[in-house]
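Biologist: I should like to learn how to read the strands and the backbone of a model. Please give the general idea before each case.

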Amino acid sequence: MKHYLPHITRCLLSLSALFFSPYSFAEWTVVGDKGFKSSKLTSIKSHKVDSFSLASGKNNKLYITYTNLGTGGGLLTALEWDGTEWEILGQPDILGSLGKTAAESKAYDLDIQADHQDIPYITFGNTSRKASVIHWENNNWHFIGNEGFSAAKAYHLSLSISSENAPYVAYKDTENGYQTTMRYWNETSWESVGLEGFSGFRISDICTVLDSHDVPYVIQSYKNGGQSNINVMRWDMDDAEWVFLGQQSITPSQIDKFSCGMDKGDMPYVAYSDANESDKLTVMYWNNSTWTTLGNAGFTDHAVNGTSIVFDHNNMPYIGYQSSDDDKAYVMYWNDTTQQWVNSNDGAVSDGRAEQIQLAVDHDNRVYLAYKDYTSGYQVTVKSSEALAPPIPDAPSHLNTNEINDEVKLTWQDNSRNEVGFEVWRNNVQLTTTTFNKEYYVDTSVVCGTSYQYEVLATNAGGDSAAISTSITTASCPVDPTPLPPTNLSASAMSTPSITLNWADQSHNETAFYLWRDGEKIAEIAPNQTSFIDAGLVCGQSYQYELKAINNTYSSDSIMISATASGCGNSNSGNDDDDDDSGNGNSGDDDDTNNGDDDDNNSGNDNSSDTDNNTGNNTDDNNNTSNGDNGQKNSSSSNTTDSTRTVNTKAGLGFYILNIASPLSHIVSEPAGINCNRGEGQCQATFPRGTKVDLDFASPLYEGQVFTGWEGDLDCKDSKVTMNDVKHCFARIEGVRQIKKLSATGDLSFGQFSSSLSVGQDDHIAVVGFIFDTADKQLFAVAGQGIDPHVDPSLVVSELEISPDYYVQDMSLEASNDIYGSNNAGTVLDLDSGMYLAKIASETSEGQASLHVNPINLAPSTSIDNISTRGTTYGDGIFMRFTLTGEGTQPIMIAGEALDEGVNPVLKLSRVSDGELLAQNISWLDNNNYVEIQIYHNHPLDSEYDAAILTDLPAGEYLVNLSSAGIHGQAIVEVDIID
């Protein structure tokens with residue numbers, strides 16, 4: 001008899017928890033101290049956090065990495081929570097401890113994860129914005145492979161760790177049209193997962209997850225006709241290519257911020273601010289066939305800025321977000337019983353303004369919330385709460401049985417998303433607990449002519465569901481004799497990674513042969529057959545096979561054999577390429593005939609140092625024979641095979657893909673195939689193996705363009721590509737910046753630099769940069785004026801001893817500051833030719849101020865060039881005024897670029913005299929002149945969130961305003977005259 005009491009007791013306890021316990025979170029408590037106030041962290045107490053990333057490890061550890069704000073900002077630091085307090089992992093300046101100079105120690109786009117051995121990994125963009133990964137081992141940080149392994153700048157880096165502790169990094173790849181590239185560490189090098197820049201379109205942001213089988217997914221936002229949407233791509237291991245998961249755009253409306261996650265059943269989730277729902281949160285998940293909304297769209301009480309989604313060990317999803325109403329942090333969870341999103345707290349979890357919301361779950365199922373805490377000096381605060389006991393899972397349904405030979409297969413329908421497994425009972429005895437989402441079980445221990453009662457129920461930490469049951473009586477014991485086992489089982493490896501099995505059929509009454517490989521049944525072979533080909537194996541791997549005959553009643557004894565797959569493409573002397581080649585190398589022989597075959601199953605002899613009368617024949621792919629000179633080794637028989645090369649499997653019949661990235665001109669190929677139009681991010685074509693492809697420009701370059709050579713694979717350098725592998729080539733075409741400088745000769749010119757900016761103390765500064773060239777010294781007046789009450793300007797002018805890279809924020813200060821009144825600052829400088837920067841801050845409260853740079857009595861031989869104006873986009877943003885003089889009209893380039901994450905520049909150009917709005921641009925990609933903008937700008941605009949205007953202006957006074965359509969932060973604005 002089945003002992004029902006334990007099962008019934010569990011159900012009663014679960015019902016009690018459901019009806020009598022308050023289904024709510026425990027109190028949120030601070031982990032350690034707010035803002036890292038531990039005594040062990042004295043060296044970083046003054047750090048204001050710029051950006052950070054949170055991860056949970058084993059043994060209930062937490063890891064945080066961040067970069068600091070302020071003077072000397074951008075330094076990378078990592079912390080560990082050991083259950084008692086926060087400790088620094090290594091030195092506060094990680095990159096400095098790895099031998100980097102102060103200028104090389106800045107980090108961007110952080111992401112931290114812990115592997116399955118509890119080792120933290122950090123990915124970041126280095127000072128050159130190239131992707132890098134470090135990990136903590138033996139009490140030191142170490143680079144994984146080479147620092148800066150991406151080919152060019154990489155943005156929005158996202159890190160995942162496989163079950164074998166291999167880091168995967170996806171990023172927005174500036175080398176490949178700002179599309180998505182993913183690389184992983186193969187224990188030797190950083191290898192691309194499929195093609196570089198595989199997304200097919202320019203992306204805005206990216207998030208990655210790996211499922212339980214280490215299949216990577218990328219969730220990415222992109223612009224679609226002016227709308228921001230999300231799509232999801234999955235790596236197809238069978239076809240070795242990236243494919244869309246569902247439709248290309250999964251979100252029905254404009255989105256802003258989003259986050260991604262993967263539940264215990266390998267279902268990807270996306271949480272995003274939904275423009276159709278007043279920017280409130282919507283969560284969608286993949287249900288194995290379509291993208292489905294979990295709960296209601298726009299379920300939050302507030303519009304949201306940042307968001308984060310995680311799953312606890314009971315597969316319950318949690319959402320953290322920053323409200324755009326009060327800027328505080330909130331956490332919600334999904335209640336499977338009520339089918340609603342529920343707030344974890346009566347109100348906000350944070351005490352005040354919270355940014356960069358991140359969630360994590362530890363080994364003991366505690367939920368953690370981390371955020372940039374404005375009430376704690378711009379440092380990070382972490383809070384935790386015990387995770388909820390999950391509701392009892394819904395019962396399965398549609399239990400069926402099917403008897404096949406000596407086995408009973410049970411199938412059912414899974415109606416719950418929060419079970420940890422299914423209990424299977426037979427005649428009151430539990431047989432097993434399946435894994436999550438399993439919908440079948442095979443009972444291999446049944447006996448013929450016997451009745452069985454089966455029950456199946458769903459279970460999790462909250463309790464058991466109701467059970468469903470069914471009965472079956474197995475077939476009567478047969479009288480058919482047992483079939484005789486097969487004999488003489490043999491195995492032979494084929495030229496491709498497959499194995500042929502042969503045997504002798506000794507039975508006259510079998511209905512099939514069953515074949516197992518390494519304990520898993522792989523085939524049911526028709527009766528009277530005596531061979532089977534097992535294809536798709538791994539070359540060089542050994543396999544154990546088991547074969548037996550069966551009929552409707554019995555099965556024979558098994559026979560077994562082991563075999564190793566070949567066809568690995570190993571290097572054999574005398575053969576140039578692939579499988580099953582036989583090659584003999586003979587040295588110093590006379591009168592030998594040497595055949596060097598270039599393809600499969602050919603025999604080739606390669607003789608070096610031969611004497612006279614030797615003939616060398618080299619046979620190419622199509623069986624054409626060419627004769628080499630006496631005794632000399634022909635290059636086509638060199639047998640150099642790269643076993644690690646990446647080949648698109650769709651090109652497996654001897655075809656390879658040629659990728660051309662980011663052309664700014666029209667590029668074609670001979671033979672035809674490549675046809676890249678101006679402005680396209682990437683194009684590709686497939687060519688037969690061995691084809692020699694010449695690349696060329698089909699039309700002249702734009703005025704001001706310079707072709708500086710071919711880059712990419714080594715074979716691309718001379719524009720002649722031999723298709724013996726997948727090839728990636730990049731035409732490097734750069735624009736020559738031609739600036740008409742401010743001059744005294746009457747040409748159109750700048751007359752004044754004037755900027756209105758938001759300033760404060762410490763890092764809350766604004767800058768105006770300029771370059772000038774003069775035969776004699778030139779007098780300049782630099783003035784800072786407070787606009788808002790209590791703003792007390794502090795002005796410093798610096799000489800730049802670096803190239804005019806306006807992203808560099810650390811300058812050596814060399815000039816003085818004179819104060820003119822309580823709310824003004826100014827200085828007059830007699831300057832030589834050079835590069836200079838005026839910096840303004842406030843000695844007291846934050847607010848608006850203006851900064852002017854004006855030449856005095858401009859010398860005739862002097863020319864001036866504006867570098868940039870940098871400030872914060874709070875309030876009305878950044879204003880920059882300039883004056884044009886002279887006759888006619890002049891092309892003017894205006895660019896607004898984001899420096900802080902989330903800043904989305906909006907540029908407005910107006911006339912000072914009447915305030916008329918002349919031009920506006922949010923994204924430079926929306927500008928009809930975007931190709932020319934890339935050419936005339938002195939460096940590529942890095943993000944679609946940058947803004948730019950290219951327009952012709954007559955003489956007059958003009959005002960440029962740079963504000964932000966997203967998060968406020970640091971940005972720069974440039975105004976350049978184009979010659």
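Modeller: Two strands pair if DSSP finds at least two bridges between them. Strands are DSSP runs of E with at least two residues, numbered from the N terminus. This is a predicted model, in which local features need pLDDT of at least 70, side-chain atom pairs count only at pLDDT 80 or more, and totals for chains, interfaces and linings use all residues. Residues are numbered from 1 along each chain as its sequence is written, and side-chain values use heavy atoms, without hydrogens and water.

Biologist: How many bridges join β6 to β7?

Modeller: Five; β7 covers residues 120–125, and the two strands run antiparallel. Within this pairing, Tyr 108 has Gly 125 of β7 as its bridge partner.

Biologist: Which strands make up the open sheet, and in what order?

Modeller: The order of its four strands is β6-β7-β8-β9, with antiparallel pairing. At the edges are β6 (108–114) and β9 (140–143), each of which pairs on one side only.

Biologist: What is usual for phi and for peptide bonds?

Modeller: Most residues other than glycine have a negative phi, and most peptide bonds are trans. Here, Asn 427 has a positive phi near 50 degrees and lies in the loop between β31 (421–426) and β32 (429–433). Asp 518 also has a positive phi, of about 50 degrees; its loop runs between β39 (512–517) and β40 (520–525).

Biologist: Where is a cis peptide bond found?

Modeller: It joins Glu 670 and Pro 671, with omega about 5 degrees. Pro 671 belongs to the loop between β50 (667–670) and β51 (675–676).
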